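Here are some short exercises to work through with the structure in view. Try each task before you read its solution.

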Amino acid sequence: MKREFYICDDRLFFMADGKAEEVTEKNQELIEEILQRIETFYPEALEALNECYAKSSLNCSYYNFLRVRRFLKCNFGELDTKDHDDDNGVFNFEKIQCPLRGECKYEGVICLPKFDSKLSDAELRVMKLYYQNESIDRIADKLYLSGHTVRNHIKASYIKLGIHSQAEFITYANRNHLFD
């Protein structure tokens, strides 16, 4: 789902389908989705967020909310016409105005984090068979996964590697000796 995140009166909101809603602890589905994307694509940011809010870790829903709220507030702020996340799970970050810009120890970690292009073990297993030109159904059968899961692993791998097709993946795998 395409959404725009923004801050108004120090409160965090998101706009989706022309409707604005405040991000609160009650938005568990949104929080879980964003947290999973942070875990998948920005593990260094997740580690820093875990450190920042460790004292709240016993209250799981509040802990998750705090981590997601900080990530979103550090990376999105203006109400404009840009969507901040897209259907491929990619965030379109803004360089927001922050009074700690240049001195915050989390700049480049939580704020404008580095994208992790490494594939997980599960993604590598799927992509190795995909590299060998196996069909999605055959990969699913061999790895005891659903076709949906296989497609999600392929999609996540494409995003992480910045590629768009099986041919590009084969070129990438050969160039980087991924399966030698």
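**Exercise 1. Find how many disulfides the structure holds, and check Cys8 and Cys60.**

Step 1. A disulfide is a pair of cysteine sulfur atoms within 2.5 Å. Searching the whole structure gives zero disulfides.

Step 2. For Cys8, the nearest cysteine sulfur belongs to Cys98 and is 18 Å away. For Cys60, the nearest one is that of Cys52, 17 Å away.

Step 3. This is a predicted model, where local features need pLDDT of at least 70 and side-chain atom pairs count only at pLDDT 80 or more, while totals for chains, interfaces and linings use all residues. Residues are numbered from 1 along each chain as its sequence is written, and side-chain values use heavy atoms, leaving out hydrogens and water.

**Exercise 2. Classify the aromatic pair of Phe5 and Phe76.**

Step 1. Rings of Phe, Tyr and Trp (its six-membered ring) pair if their centres lie within 6.5 Å; planes under 30 degrees apart are stacked, over 60 edge-to-face, and the rest tilted. The structure holds 12 such pairs.

Step 2. Phe5 and Phe76 have centres 5.5 Å apart and planes at 35 degrees, a tilted pair.

Step 3. Phe5 lies in strand 1 and Phe76 in the loop between helix 3 and helix 4, 71 residues apart. Helices (H or I, at least four residues) and strands (E, at least two) are DSSP runs, numbered from the N terminus.

**Exercise 3. Classify the pair of Phe76 and Phe93.**

Step 1. Their ring centres are 5.6 Å apart and the planes meet at 15 degrees, so this pair is stacked.

Step 2. Phe5, Phe14, Tyr42, Phe71, Phe76 and Phe93 form one aromatic cluster.
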